[in-house]
Structures are given as C-alpha cells and as structure tokens.
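Work through the exercises below with the model open beside you. Try each task before you read its solution.

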Amino acid sequence: KEHGASSDSVYDTFIQCLAHRTQPSDHISDIVYSQANSSFVNVLVSYIRNGHFNLLSTPKPLVIVTPTRESHVQAAVLCSKDLGMHLKIRSGGHDFEGISYVSNDAFFILDMFNLRSIDVDIKEETAWVQAGATLGELYYRIWEKSKVHGFPAGVCATVGVGGHLSGAGYGNMLRKYGLSVDNVLDAKMVDVQGRILDRKAMGEDLFWAIIGGGGASFGVILAYQIKLVPVPEKVTVFRVEKTLDQNATDLVYKWQFVAPTTDHGLFMRLVLQPVTSKTQKGHKTLRASVVGLFLGNSDQLLALTEEELPEMGLKKGNCTEMSWIESVLWWDGFDEGTIPALETLLSRDHSTNFRKRKSDYVQTPISRANLDCLWKKMIELGKVGLMFNPYGGRMSEIPASATPFPHRAGNLFKIQYFINWSKDDPELEKNYLAQIRRLYSFMTPFVSKNPRGAYLNYRDLDIGTSTNGNNSYEEGRVYGVKYFNDNFERLVKVKTAVDPNDFFRNEQSIPTLI
C-alpha cells in the first residue's frame, strides 16, 4: 500500500479537521475514503477514463473525499491546506493525461461526482449545473423541459461539466454558438480561503479566468449558470466516407475552404484514418469520413452541399433527420444502427481504453501535394488518426481576449491527433506514443507557429510541464502560451492575486509571479 505508514495518521488528522469544520449530522466519515477502506479502489477507478492511469504502478491518493454538499468542499480545501496536502480535483475524470486524479507527490482527490444537480429554467432560458454533472445528464434535463433548446458542449455524454466548461468546452454547434464558455453567465466556486464566491463576489477578472483558463488553477468550481440556445425541432445528421481511390484527397482539400466558411448551422467534422483497402488485398489506404450536424432539414442541407462541396457526394440516403436530443446520442457513437432510449444519456458507464491525444490549429489550407505526403506518412505509421474540427462562423466573431481560450479568428480548423489501444502492453504503448509524436512532428510546417497553439481540454503533457517550484513561471510559460497565447499573462496576474501560495496546482497549472 503506497504511503502506507503515513496514510492512517493523515486520514485521522484530516477526518478530525473535517468534523470540526462541518455539522455532526453530515456523518463526514461516510464521504472520506482512506486506502484501507474496502471501497477505496472502486471509488478511485469509477472515474478513471484512461487505462494508462489505472495500473498498479500509478500513484494513488492517500485519501479520496466525495462531498455531498458545498460546505464539504469548503472544509476539504481548508483541511487539505492545513495539512499541507496537494489536492487534485476531479469532476468527470476525462482529463487525457489523468492529472485530475494522479500526482507524483502525496495527494488527496476531491471527487465531485455527487454534486450533480441541474436546475433548468426554461422561462429564463438558463440552467445552473453543478460541476459533477455530466454533459449527457445536462442535455437530458434540458430536453425534459423543452424540445427546442440545447447547449453547445461536447459530444461525449460522460464528460464532467466542471472540467469541460472551465477548460472552454466545444461541440458540434460551435460554429453557430461558439464555445461552451461563450454561453456561461455565472459561476460558483470555493477559493483558497474556503469562501463560496459567485461572479459578483469573485469579480470579473477571476470569472474570466475560470471560463477557459482551467478551474483547477484557481479554486474548486461548484457550478456554472449557462445560457441555453435555440435548436430546431428537427436537425439533420450524416456520415460520408471516401478512400483515396474515391477522390478522398479532392474532398479533404476542398473541405478546408468550405467547412470553416459555410452556413453557421453546418458543422462537418473530418476524420482521417489509415485503413486496409477493400479493393486491393493487403493494401493500406486512407479513409476520410465527414461526420455532420446541420441545424435544419435535409433538403436545405443538400442544397448547400451540392453547391459548396459536391466532392463529398452527399445524397438524401446519407442523411437522417431527427430531434436535437437524438442527434446527441447519434454523435456519441450510436450512429451505427438504431438510437437507444434517451435515458442512455444518464448512464455514467464508459469504456476505459488506453489513449493518447494531441492538438494543433491550422491557419492556411494544406496543399494537395502536402496532403499526399500526409497520407503517405499516416499509412507508413499505421495507426494514428486525425480529426479536423472546423472553426469560422461564431468562432471568428468573438475576440481572442473575451475568454482565456485564444484560438478564434484566423483559425480554419483544429486538429485532434488520436490513438487508442485496449490492453496494458508497454511495447505497444511505446510504439503508439512514438507514432503520434512523429505525426505531430511531421505536421509542424502546416500548423500555427510562435506559439504553436494547443487546446487545454486536449491535455498533452508533451508540450511542457511544471514542477511547481522556483521556476514555475518559466516552466508554465512554455505550455501556457500554447494553450492561451496572449491571454497567458492575464491568467498569471489573476492566479497571483487569488492563490499567491499556489495551493491549487497541477502539472500544467497557471503559475504565480511570486
């Protein structure tokens, strides 16, 4: 058992402190798990979404706290601080590098999954959502009250609201409505002094920082108030696939010009993967899949695509009209065959495979010749895929300084690099990590420069980490400007003002100037 000797005494001291700071009726020991507790492993593993961070060798917390009310969060922050203990905060566990629940020093996890209430006010077209709720739960609760409202956030239903929104958040309506944080009105958080602050109490600088700068550098996000957006009664989804012998290159080349400039209600994600050819035995080719959401009917959509992107060859038969809430399920992986009951959105079950992600931004279209080189590289590497997410539309209208997320006008699309594997195999992992890094290196001439941009919620520790020591500003600047560009310095100022002793920290947190 890790830190075994100290674990019990730390637990006892922590429990005494918590009991002192909460009500006796709270039965505080029921929400705190030491390593000796028979439920400890189950609680820890429940929200680990990447098998790579669920190994025997993965560092484990001394204690997990699972607050059921806001006052528990206040107590957990103050008692962790009293004990000098590093506190990691987890809402949904989808951090790609596991930094919400792994650390190399002695640490506690504050696990927010019980704080999951969602209060939808359709008359005001707003909702208060606690940090431990999932996106699927949010979408479902909106749909219960209205068939013509939605919210622009991620396509994976089990993602936690706290991390998703504090790191900007985006989904397939970003060209119409911007990022999730472009639709946040208010927030509640616990600061390092254990106070509960709303937007008015925290002030505009701190509020700005927690809508895209990552909440975990500044405090514990309890809840966000969001603005709901209108969606039509029927939307259209589609998927079209082309391989190289079906003119995939022409499609991808033209997509770069059309996807970021077309109707704001049309989102066309492009997924590129090396696959085995269906026509030439044993031959590898590249498959380009366009996965789309259109906030309108299929006739309107076809009129658009026939004029702007005939290379896609979209036909009525590729299109399915459905309600917005059904499109949420379709995008979450139920696009093959029948869409299950909407209650599926309330499930927190999530497959835990092994994965690595990286990100980039493209500002000038990639030439046909360079696309051909890219296909060759991807086929040679063999496994790593790319996802192109188009920007433009509303994204180009919002100033880069409006939120900490800076990648607005001038960006055609974002790239997600992705690779998955299903078992703990160190050799395989070494090979796959080398593949994704080689493709990232290959893409250098085609993506943003000085800084080379990255997306905070596609967490990637390859681009720089902090030891949270004396060089934290210099270390933090390396990854900070990639994630936040010119907004990094303002984030540092806010951090220095609200958490000067750097209690809220992680491997890629915002550093202080002190």
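**Exercise 1. Find how many residues of domain 1 and domain 3 are in contact, and which residues supply much of the buried area.**

Solution. This is a predicted model.
- Step 1: Mark the two parts. The domain assignment puts domain 1 at 7-111 and domain 3 at 235-322 + 351-443.
- Step 2: Count the contacts. On the domain 1 side 8 residues take part, and they touch 10 residues of domain 3.
- Step 3: Take the area. About 790 Å² is buried between domain 1 and domain 3. Carbon and sulfur atoms hold 52% of this area.
- Step 4: Find the main contributors. Of the area that domain 1 buries against domain 3, 49% comes from Arg49, His52 and Phe96. No other three residues supply more.
- Step 5: Add the spacing. The centres of domain 1 and domain 3, taken over C-alpha atoms, are 38 Å apart.

**Exercise 2. Describe the largest cavity: its volume, its lining and the classes of its residues.**

Solution.
- Step 1: Search the whole structure. There are 2 cavities of 30 Å³ or more.
- Step 2: Read the volume. The largest cavity holds about 80 Å³ of space.
- Step 3: List the lining. It has 13 residues, and Tyr139, Ala153, Asn172, Trp324 and Val328 lie nearest the centre.
- Step 4: Trace the source. Helix 10 (residues 324-331) gives 4 residues, the largest share of this lining.
- Step 5: Sort by class. The lining of the largest cavity has 9 nonpolar and 4 polar residues, with no charged ones.

**Exercise 3. Do the same for the second largest cavity.**

Solution.
- Step 1: Read the volume. About 30 Å³ lies in the second largest cavity.
- Step 2: List the lining. Among its residues are Leu44, Phe53, Lys60 and Tyr101.
- Step 3: Sort by class. The count for the second largest cavity is 7 nonpolar, 1 polar and 1 charged.

**Exercise 4. Place the UniProt domain annotation on the chain and describe its span.**

Solution.
- Step 1: Read the record. An unreviewed UniProt entry annotates residues 57-231 as "FAD-binding PCMH-type".
- Step 2: Describe the span. Residues 57-231 are 26% helix and 25% strand.
- Step 3: Check the ends. The end C-alpha atoms of this span lie 46 Å apart.

**Exercise 5. Locate a cis peptide bond and a residue with positive phi.**

Solution.
- Step 1: Find the cis bond. It joins Asn450 and Pro451, with omega about 5°.
- Step 2: Place Pro451. This residue is in the loop between helix 13 (426-442) and helix 14 (472-484).
- Step 3: Find the positive phi. His27 is not glycine, yet its phi is near 45°.
- Step 4: Place His27. The loop between helix 1 (4-21) and strand 1 (32-34) holds His27.

Note on methods. Residues are numbered from 1 along each chain as its sequence is written. This is a predicted model: local features need pLDDT of at least 70, side-chain atom pairs count only at pLDDT 80 or more; totals for chains, interfaces and linings use all residues. Side-chain values use heavy atoms; hydrogens and water are left out. On a 1 Å grid over the protein atoms alone, a cavity is a set of points where a 1.4 Å probe fits but cannot get out, and a pocket is an open set with protein on both sides within 12 Å along at least five of seven lines; lining residues have an atom within 4 Å of a point. Grid points are joined across faces, edges and corners, and a volume is the space filled by probe spheres set on the points. Helices (H or I, at least four residues) and strands (E, at least two) are DSSP runs, numbered from the N terminus. Ala, Val, Leu, Ile, Met, Phe, Trp, Tyr, Cys and Pro count as nonpolar, Asp, Glu, Lys and Arg as charged, and the others, Gly among them, as polar. UniProt positions are given in the numbering used here, feature names are shortened, and annotations may be inferred rather than shown by experiment. Domain bounds come from an automatic or database domain assignment. Contact means heavy atoms within 4.5 Å. Buried area is the accessible area (1.4 Å probe) that two parts lose on being put together, summed over both.
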